[in-house]
Amino acid sequence: MNIVFMGTPTIALPTLNALAEKHQLSAVFSRPDAVSHRGREKLPSLVKARALELGITCYTPRSFYVSLDNCKPLFNNEGQRVVDADILSHIERSAPDLIVVVAYGMILPAAVLEIPKHGCINIHASLLPQWRGAAPIQRALLAGQDEVGISIMRMETDLDTGPYCLQAKTSAKGKNYQQLIVEMGAMGAELLVPNLEAIVAGEIEWVKQDGSLATHADKVLKGSIDLDNSLTVQENHNRVRASSHHARCRTTVFDKSIMVLMARPAEELNDKSLYYKCLDGWLEITQLKPDGGKEMTGTAFVAGRR
């Protein structure tokens with residue numbers, strides 16, 4: 001099958017690799033190169049870097065739409081945003097049977113959804129209709145869910161509202177965001193690729209989502225998941241588990257700002273470990289990174305400040 005793939009982060013890599021082994025990937029789309037965490041240079045997304053290794057043409061548009069001055073969107077006479085003709089041309093020339101999307105980071109306009117012969121399929125990191133939106137894994141962790149999963153969804157112009165045909169579950173107990181994106185990326189590839197021919201042939205039933213059961217996974221913003229002593233131990237622990245490169249869990253101890261990398265509910269206290277006071281008990285900070293410093297254990301941090 002001739003496929004156009006769209007994706008950006010770690011969770012998309014297993015599907016990209018699996019599709020490249022069994023199908024023809026005529027093009028890959030990914031988000032534009034972004035400034036590194038240290039701010040010194042622009043780096044390609046993981047998907048773009050892998051596509052180039054595979055010798056596949058990779059496009060990185062900032063938007064699917066035309067802007068008047070790179071800021072204000074251009075609208076047609078019907079009040080609809082104008083889709084970039086060059087982007088449409090790239091996809092049309094690829095003549096895809098299917099577009100596969102995994103955590104691309106942009107909503108596809110109707111003009112793109114209509115191009116492939118068999119439509120557009122998305123691997124979404126939630127058990128739809130739960131957690132429609134940009135941050136499904138993080139929102140599930142923040143909500144304290146013990147179980148998370150993925151859905152193979154047919155794409156529509158609305159956000160994650162399309163029917164799904166396959167789902168897979170995994171336990172979230174004891175896992176953090178970084179662990180889950182790796183696990184769920186592999187799950188997505190294992191669920192989609194072996195079943196792709198059957199999906200396209202209509203041999204697998206599509207299930208319409210029940211919108212009344214939908215929950216929404218808004219993007220997690222910087223500063224929104226810092227430790228908070230008005231929250232319970234479990235709520236603060238969930239914030240640590242949901243921490244990502246885009247939104248770190250942080251706090252201040254000994255007048256020093258730190259990123260909290262790992263933590264656990266404290267069963268008993270001692271004078272060597274680092275603790276954070278919560279509404280109903282104590283959270284032990286086991287791994288951290290001070291601003292401007294190296295990653296270290298909570299006990300090492302305490303020992304250095306005695």
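This report describes the nonpolar cores, the aromatic pairs and the internal cavity of a predicted model.

**Nonpolar cores**

The largest nonpolar core comprises 46 residues, and those with the most contacts inside it are Phe5, Ile137, Ile152 and Met184. Helix H6, which spans residues 177-192, gives the most to this core, with 8 residues. A second core, separate from this one, has 21 residues, including Phe29, Ile91, Leu113 and Leu128. As a general background to such groupings, nonpolar side chains tend to be buried together in soluble globular proteins.

Isoleucine 137 can be followed in more detail: leaving aside neighbours within four places in sequence, isoleucine 137 is in contact with Ile11, Ala125, Tyr177, Leu180, Ile181 and Met184. Alanine 168, which lies in strand S10 (residues 164-171), touches Leu127, Val148, Gly149, Ile150, Met187 and Leu191 when residues up to four places away in sequence are not counted. For one of these contacts, with isoleucine 150, the C-alpha atoms are separated by 5.5 Å although the two residues are 18 residues apart along the chain.

**Aromatic pairs**

The model has 4 aromatic pairs, and two of them are set out below.

| Pair | Centre to centre | Angle between planes | Geometry |
|---|---|---|---|
| Phenylalanine 29 and tyrosine 59 | 5.1 Å | 35° | tilted |
| Phenylalanine 64 and tyrosine 104 | 6.0 Å | 70° | edge-to-face |

Because phenylalanine 29 belongs to strand S2 (residues 24-29) and tyrosine 59 to strand S5 (residues 58-59), their pair ties together parts that are 30 residues apart in sequence. Phenylalanine 29 has 0% relative accessibility and therefore counts as buried, whereas tyrosine 59, at 22%, counts as partly exposed; the cut-off for buried is under 20% relative accessible area.

The pair of phenylalanine 64 and tyrosine 104 also links distant parts of the chain, 40 residues apart, with phenylalanine 64 in the loop between S5 and helix H3 (85-94) and tyrosine 104 in the loop between strand S6 (98-102) and helix H4 (110-113). Both phenylalanine 64 and tyrosine 104 are buried. Ring pairs join Phe29, Tyr59, Phe64 and Tyr104 into a cluster.

**Internal cavity**

A search of the whole structure finds 1 cavity of 30 Å³ or more, and the largest cavity has a volume of about 50 Å³. Helix H5 (136-142) and strand S9 (147-154) each supply at least two residues of its lining, which by class has 7 nonpolar, 4 polar and 1 charged residues. Among the lining residues are Ala125, Leu127, Trp131, Ile137, Glu147, Val148 and Gly149. Of these, Leu127, Val148 and Gly149 are also touched by alanine 168, while Ala125 is in contact with isoleucine 137.

Methods
Residues are numbered from 1 along each chain as its sequence is written. This is a predicted model: local features need pLDDT of at least 70, side-chain atom pairs count only at pLDDT 80 or more; totals for chains, interfaces and linings use all residues. Side-chain values use heavy atoms; hydrogens and water are left out. On a 1 Å grid over the protein atoms alone, a cavity is a set of points where a 1.4 Å probe fits but cannot get out, and a pocket is an open set with protein on both sides within 12 Å along at least five of seven lines; lining residues have an atom within 4 Å of a point. Grid points are joined across faces, edges and corners, and a volume is the space filled by probe spheres set on the points. Helices (H or I, at least four residues) and strands (E, at least two) are DSSP runs, numbered from the N terminus. Ala, Val, Leu, Ile, Met, Phe, Trp, Tyr, Cys and Pro count as nonpolar, Asp, Glu, Lys and Arg as charged, and the others, Gly among them, as polar. Contact means heavy atoms within 4.5 Å. A nonpolar core is a set of buried Ala, Val, Leu, Ile, Met, Phe, Trp, Tyr and Cys residues joined through side-chain atoms within 4.5 Å. Buried means under 20% relative accessible area, exposed over 50%, partly exposed in between (1.4 Å probe, protein chains only). Rings of Phe, Tyr and Trp (its six-membered ring) pair if their centres lie within 6.5 Å; planes under 30 degrees apart count as stacked, over 60 as edge-to-face and the rest as tilted.
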